[in-house]
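Dear colleague,

I am handing over the structure we spoke about, and it is placed just below. My notes on it follow, and I would be glad if you read them with the model open.

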Amino acid sequence: MKAASKQPLGAASFSTRWMVLTVPVRHKSLVAVLALMPALIVFCAFWLLPFSRLILMGAEADRSSGVSAYLTILTHRQYLISIVTTVGISLVVSLTAVAIAGFVGFFLARQHFWGKAVLVAILTFPLAFPGVVVGFLVIMLGGRQGALAQSSLWLFGERWMFAYSLAGLFIGYLYFSIPRVITTVMAACDNLDKSLEEAARSLGANTWQVTKDVIVPGIAPALLSTGAICFATSMGAFGTAFTLGTRLNILPLNIYGEFTNYANFAMAAALSVVLGAITWIALSIARRLAGGNLGASA
Amino acid sequence: MSSSVSITLTHCSRTFAGGHMALQPLDLKVNAGETLVLLGPSGCGKTTTLRIISGLESPDKGGQVQFGQRDVTTLPIEKRDVGMVFQNYALFPNMSVADNIAYGLKLQRLSRFEITQRRDEAMRMVDLQGFGERRIDALSGGQKQRVALARAIAVRPKVLLFDEPLAALDAKLRDRLRIEIGQLLRELGTTAVYVTHDQDEAMALGDRIAVMQAGRIAQLGTPQEIYHQPANAFVADFIGAVNCLSVIATKPDGQLAVHGGELSAPHLLGATEIYCRPEDIQVVPLNQADIKGQVVQSVFLGQTQRLLVDAGGTVPLQIEAPSRQRWPNGTAIGLALPFNVLFHPDKPTTTINTKEMANG
């Protein structure tokens, strides 16, 4: 009865929709094209043109080697090491940030205590700082005149420093990655279905098993996507690295160096494209993985 | 199956942060193998009671929870050996149907053979054979709740706890699953506590029902007792529909004068209000009627029809009449109310109402 009455109804609505669409469809699309025109122009002028120019420029001859800059990257140790170092430190920073801030975020989401709002505000404060300031903070901590150097000089008679090395970079990147992860994890924990944990516990799961089987899978999409964002940010972070010293062999500094010091535009463009491609791939992998998990929980 | 245990709550109250007492001090015994339904409107304390039994919440200081002879008050839920079914299913989305059901068995470190055997047995009991590899999000609401049921019974818990398991399902499915849960509980013989706000569910599943109101048990008894001898006006009204007739005067011959006529009810002498269920009132010719009135509205319900009859009181009487007869508005109607269907709750209505208002 129901199915029979549904059939003509569906057919009717389909045919009317079809009629409405056929007559003015051209008219509509014309309006749409006109309305989208400014956006299209902006897109072409400020995205498509410079980007295709950048990609093409990377294929031009490198100033020192004389062959295509893309090829030069693949054949020169210095550039390969730079790529590996940048990817490596970004990866380590992301993993560390997710590990530390994952726990902290979960704790903050679940515990209620006096002064929590203030603590969260303090923890997320570094988000307000540009990279230069973060670099400056690292120098004040581990630089030549930094807190560590001062105290080690007083205690052992020598200056201990880490600011101008990859360790300093690691601390700096971690500094601005952790707040991002904390806020994301806190939001994800608030959305967790509490009855899932209760169900697991009723079946005999202890705290560790609940964490492993319910909480981590539940917030995995959030961890993945925030980790990917940390990775992307660390890959391209320039201010911190520049403040800490230009001797570091990482991609953003290399791009800057090739560009300003050697006027080697082809190499700067090629390195930019490589950096962009790696970051984009990482982000899309994370999005796919997180999307799959999200689908499962819905 | 493991032999069933009784559940004893002694002086269990629960005060939430902010001082709101969700549960007044409560003594309750659930007999071994029995299904007890906690029934009441939202905020009456039924879920809090269930959570105290489960170990998800602790009673205030001084309260005690026992499973059999064993004091489990300080045991967390994971050590209490309970199976729990939730309103929103609470299935693990990252696991298949089979993995969900086997989860508790794996935690018990059973052999792989035994896990498979007991998982399949549980799936058979809830009629889910062949669904093992399905993803949770590929199931309907009814199937999800079957998985949750199978997951809870697979571990062979001492006590089964249900927190409004059918509330999220549509009416047809709810009826079917309710019957199946009833069969399953009889088959297993496990002590069960079942929370619901649905009186039909309570009647169908409960060996006994505890009707709760404002953090207290208003009445505890078999479904028949609750329905036919409600302890107060709240219970009478919450379970089924009820008519309340005010007694205007008691005649010298013992007849009670009410709006529209007189009733003979020797067992209710002195009562100021008399109650009766709509289905217990008979429609009779006017010359044989105890009460006469006028039909003001008729509501067709399919099997029967509900007539609203104005007999002069403030609220029209509700009467159940055969569905085929027509009762145009304004028709004079005669009603017979045999004395054995008349009752009055032990407690006067007025105090209940004020209490209800105070607890808002």
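Over residues 7-239 of chain B, the chain is 36% helix and 24% strand, and the C-alpha atoms at the two ends of this stretch are 25 Å apart. Please keep in mind throughout that this is a predicted model. The stretch is one that UniProt, in an unreviewed entry, lists as "domain: ABC transporter". The domain assignment of chain B, for its part, gives domain 1 as residues 7-237 and domain 2 as residues 241-359, and the centres of these two domains, taken over C-alpha atoms, are separated by 38 Å.

Within this chain I looked more carefully at helix α3(B), which runs over residues 112-125 and has 14 residues; from its first C-alpha to its last it reaches 20 Å, close to the 20 Å expected at 1.5 Å a residue. Its buried residues are B:Ile115, B:Arg118, B:Arg119, B:Ala122 and B:Met123. Seen down the helix axis, the buried residues of α3(B) fall within an arc of 140°, so they line one face of the helix. These buried residues pack against two other helices of chain B, namely α2 (97-107) and α4 (141-154), whereas the face of α3(B) turned away from the buried side carries B:Phe113, B:Glu114 and B:Arg124, which are exposed.

After α3(B) comes B:Asp127, and the phi of B:Asp127 is positive, near 65°.

With best wishes

Methods
Residues numbered from 1 in each chain as written. Chains lettered and ligands numbered in written order. Predicted model: local features only at pLDDT ≥ 70, side-chain atom pairs only at ≥ 80, totals over all residues. Helix = DSSP H or I, 4+ residues; strand = E, 2+ residues; numbered from the N terminus. Expected span 1.5 Å × (residues − 1). Buried ≥ 20, exposed ≤ 12 C-beta atoms within 10 Å, placed from the backbone. Arc of directions from axis to C-beta. Contact = placed C-beta atoms within 7 Å. UniProt positions renumbered as here; feature names shortened; annotations may be inferred. Domains from an automatic or database assignment.
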